[in-house]
Amino acid sequence: MVGLRKSYDGSSFAVDDLNLSVLSGEFLTLLGPSGSGKTTTLMMLAGFEQPTAGAIYFDGRSIEDLPPHKRNFGMVFQNYALFPHLSVADNVSFPLSVRKMPKSDVGRRVARALDMVQLVGLGGRYPAQLSGGQQQRVALARALVFEPRLVLMDEPLGALDKRLREQMQLEIKRLHRELELTVVYVTHDQVEAMVLSDRVAVFHRGHIRQLDTPRAIHEEPANGFVAQFVGETNCAQGTVEAIGSSDVRLLLDGGVAVIGVSRRPTRVGDRKLMTVRPERVRIHPPSSFENAFAAVVEETTYLGDRLVAVLRLSSGMPVNVDLGIDGLDQIPLRGQSVTVGWPARHCLILDPE
């Protein structure tokens with residue numbers, strides 16, 4: 001996709017000057033809030049939306065003028081889009097019928113597709129006789145049955161409950177690996193993007209704010225929007241007060257100064273945003289931590305796999321702490337005075353947007 005733009009009203013752009021390449025065999029997720037441009041991008045790639053400007057290439061060939069059925073891409077929708085009057089087997093075989101595949105091959109391909117999604121023996125049922133998870137498996141089988149070179153998925157797990165969604169994430173990941181699929185996947189679920197993806201493109205206001213591996217996006221967000229949208233974080237804005245050889249001193253608006261690192265050119269007086277992940281914060285931090293502050297415990301919450309706490313600094317700034325679950329000798333009590341801190345290397349100084 002080169003210089004891709006899409007406007008619905010002629011003045012504002014849902015997607016603006018988008019340049020994005022998808023690598024063969026990769027799982028690329030388009031992640032962002034509602035209205036960020038991710039679904040519009042997918043629909044242009046699928047052929048359901050016509051770009052206002054720019055070009056889409058596949059194998060070096062321009063395809064933006066090709067209708068969807070000639071692009072030969074597999075497509076999985078959030079609402080499954082199954083034909084209620086057709087059996088599971090007939091739903092799965094539909095793309096083969098459209099492509100006028102010989103009947104001698106249809107049965108074999110349908111059986112293989114149902115086996116891939118673990119629906120062997122259910123070919124004679126109808127969509128209404130299946131659970132939500134099973135219906136989504138049928139939609140997956142239908143998208144894969146004709147062996148497309150690219151599979152597009154538009155929030156396919158959004159209608160499932162948490163447990164089913166997690167199960168289907170693992171199924172999709174398995175199919176991607178075993179079939180060596182190339183997948184472009186749209187979601188607003190950050191955890192889903194982290195679980196499934198080789199790379200993640202974070203969208204905001206029609207632009208890609210960062211394109212990188214899940215780990216890099218979590219650990220090294222490019223800007224304040226990415227830091228706050230992907231995962232939990234502690235943020236505060238301030239003004240750069242001093243710049244050292246390897247760190248930056250940021251005076252927060254609440255009056256507290258923090259030491260952090262900036263990976264972009266920074267000058268004294270610049271307005272920046274400080275971000276530090278809750279799992280990097282410690283109560284009673286070691287003396288090696290460059291940032292340490294007096295705080296009061298406001299709340300602790302047990303979540304089963306971890307304990308989280310909300311503290312408040314004397315400046316009024318709230319700080320969320322992920323305490324984990326093992327090695328907690330004493331759970332901090334509400335109202336307790338403590339010291340809280342974090343190392344400079346995990347305190348990122350970023351542009352606010």
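**Note on burial, salt bridges and nonpolar cores**

1. Asp 351 is partly exposed, its relative accessible area being 26%. The model is a predicted one, and the values in this note should be read as such. Asp 351 is paired with Lys 272 in a salt bridge, where the closest N and O atoms are 2.4 Å apart. Lys 272 belongs to strand 15 (residues 271-276) and Asp 351 to the segment after strand 21 (348-350), so this salt bridge ties together parts that are 79 residues apart in sequence. On the lysine side the setting is buried: Lys 272 has a relative accessible area of 5%. Because buried means under 20% relative accessible area, Lys 272 at 5% counts as buried, whereas Asp 351 at 26% counts as partly exposed.

2. How many salt bridges does the structure hold? The count is 22. One of them joins the side chains of Arg 165 and Asp 189, at 3.8 Å from N to O. This pair links distant parts of the chain, 24 residues apart: Arg 165 sits in helix 6 (residues 162-179), and Asp 189 in the loop between strand 9 (183-187) and helix 7 (190-196). Arg 165 is partly exposed, at 21% relative accessible area. Asp 189 is also partly exposed, with a value of 22%.

3. A further salt bridge is made by the side chains of Glu 298 and Arg 312, with an N to O distance of 2.7 Å. Glu 298 is part of strand 17 (residues 291-302) and Arg 312 part of strand 18 (residues 307-313), so the pair ties together parts 14 residues apart in sequence. Glu 298 counts as partly exposed at 31% relative accessibility, and Arg 312 likewise counts as partly exposed at 31%. Elsewhere, Arg 137, Glu 171, Arg 174 and Glu 178 are joined into one network by salt bridges that share partners.

4. Turning to the nonpolar residues, the largest core has 35 of them. Val 92, Leu 140, Met 153, Ile 172 and Tyr 185 have the most contacts inside this core. Two or more residues each are given to it by helix 3 (88-98), helix 4 (103-116), helix 5 (132-144), strand 8 (151-154), helix 6 and strand 9. Which element supplies the largest share? Helix 5 does, with 6 residues.

5. Val 92 repays a closer look. Neighbours within four places in sequence aside, Val 92 is in contact with Val 110, Ala 113, Leu 114, Val 138, Ala 141, Arg 142 and Val 145. Separate from the core that includes Val 92 is another, of 27 residues, among them Val 258, Ala 295, Val 319 and Trp 342. As general background, nonpolar side chains tend to be buried together in soluble globular proteins.

6. Helix 3 has buried residues at Val 88, Asn 91, Val 92, Ser 93, Pro 95 and Leu 96. An α-helix has 3.6 residues a turn, so residues three or four places apart point the same way. The cover over the buried residues of helix 3 includes helix 4 and helix 5. After helix 3 comes Lys 100, with a positive phi, near 55°.

7. Helix 1 (residues 38-46) is mostly covered, with 8 of its 9 residues buried. The buried ones are Lys 38, Thr 40, Thr 41, Leu 42, Met 43, Met 44, Leu 45 and Ala 46. Gly 47 follows helix 1 and has a positive phi, near 100°.

Conventions. Residues numbered from 1 in each chain as written. Predicted model: local features only at pLDDT ≥ 70, side-chain atom pairs only at ≥ 80, totals over all residues. Heavy atoms only, no water. Buried < 20%, exposed > 50% of the residue type's maximum accessible area, 1.4 Å probe, protein only. Helix = DSSP H or I, 4+ residues; strand = E, 2+ residues; numbered from the N terminus. Salt bridge = Lys/Arg side-chain N within 4 Å of Asp/Glu carboxyl O. Core = buried A, V, L, I, M, F, W, Y, C linked by side-chain atoms within 4.5 Å. Contact = heavy atoms within 4.5 Å.
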